[in-house]
Amino acid sequence: GRGLQIVDDRGKVRASITINPAVKQPDGSTYPETVLLRMITSEGRPVVKISSSEDGAGMALSAAEGLAYVQILARGSDPKLIVVDGAGKESLKQP
């Protein structure tokens with residue numbers, strides 16, 4: 001198959017693994033094919049995302065409500081940690 005979904009007793013998707021095809025970006029570059037794992041709250045909000053592609057991986061952990069999240073990206077030679085607080089203020093950490 002090309003994906004997997006896990007549903008709860010009400011039929012709502014609570015977790016999924018998908019393979020997303022490569023996508024051509026507006027600037028002409030190509031975003032590579034990606035495997036994506038998502039874990040979703042009962043309200044439909046994806047609060048855990050883990051992805052992998054030919055050029056690296058990423059992970060995002062979100063609050064169940066509001067704007068706060070943490071994103072870790074290890075793609076190419078430019079790893080970064082992005083922290084966004086509940087007010088939407090972004091803080092970027094790079095080595």
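**Exercise 1. Determine where Thr-41 sits and whether Thr-41 is buried or exposed.**

Thr-41 has its place in the loop between β5 and β6, where strands are DSSP runs (E, at least two residues) numbered from the N terminus. This is a predicted model, in which local features need pLDDT of at least 70 and side-chain atom pairs count only at pLDDT 80 or more, while totals for chains, interfaces and linings use all residues. Residues are numbered from 1 along each chain as its sequence is written, and side-chain values use heavy atoms, with hydrogens and water left out.

The next step is the accessibility of Thr-41, which is 18% in relative terms, so Thr-41 counts as buried; buried means under 20% relative accessible area, exposed over 50%, and partly exposed in between (1.4 Å probe, protein chains only). Once neighbours within four places in sequence are left aside, Thr-41 is in contact with Arg-14 and Val-47, contact meaning heavy atoms within 4.5 Å.

**Exercise 2. Describe how β5 is joined to β6 and to β2.**

Begin with the pair that flanks the loop of Thr-41: β5 and β6 form a hairpin with five residues between them, and Gly-44 in the turn has a positive phi of about 95°. These two strands pair in the antiparallel sense over seven bridges, with Arg-38 standing opposite Lys-49 in β6; two strands pair if DSSP finds at least two bridges between them.

Then turn to β2 (residues 13-20), which pairs with β5 (residues 34-40) in the antiparallel sense over six bridges. Within this pairing, Thr-18 has Leu-36 in β5 as its bridge partner.

**Exercise 3. Work out which strands make up the open sheet and which strands lie at its edges.**

The protein chain has ten strands and zero helices. Eight strands form the open sheet, following the order β1-β2-β5-β6-β7-β8-β9-β10 with antiparallel pairing. Its edge strands are β1 (3-7) and β10 (90-93), each of which pairs on one side only.

Inside the sheet, β6 (residues 46-53) and β7 (residues 56-62) pair in the antiparallel sense over six bridges, and Ser-51 stands opposite Gly-58 in β7.

**Exercise 4. Identify the residues of the nonpolar surface patch and state how exposed Val-35 is.**

The patch on the surface is formed by Leu-4, Ile-6, Ile-17 and Val-35, which together have about 320 Å² of accessible area. Of these residues, Val-35 lies in strand β5, and its relative accessible area of 34% is why Val-35 is called partly exposed.

**Exercise 5. Compare the settings of the loop residues Lys-89 and Gly-66.**

Lys-89 is found in the loop between β9 (80-84) and β10, and at 62% relative accessibility Lys-89 counts as exposed. Apart from its neighbours within four places in sequence, Lys-89 is in contact with Val-83 and Val-84. Although Lys-89 and Leu-67 are 22 residues apart along the chain, their C-alpha atoms are separated by 9.0 Å.

Gly-66, for its part, is found in the loop between β7 and β8 (69-75), and with 44% relative accessibility Gly-66 counts as partly exposed. The C-alpha atoms of Gly-66 and Pro-95, which are 29 residues apart along the chain, are separated by 28 Å.

**Exercise 6. State the dimensions of the protein chain and its share of buried residues.**

Taken along the principal axes, the C-alpha atoms fill a box of roughly 45 × 35 × 25 Å. Of the 95 residues in the protein chain, buried residues make up 18%.

Note on methods. Helices (H or I, at least four residues) and strands (E, at least two) are DSSP runs, numbered from the N terminus. Patches are made of residues with over 30% relative accessible area and no salt bridge: like charges are joined within 9 Å, nonpolar side chains (Val, Leu, Ile, Met, Phe, Trp, Tyr) within 5 Å. Accessible areas come from the Shrake-Rupley method with a 1.4 Å probe; for residues, only the protein chains shown count as cover. A salt bridge is a side-chain nitrogen of Lys or Arg within 4 Å of a carboxyl oxygen of Asp or Glu.
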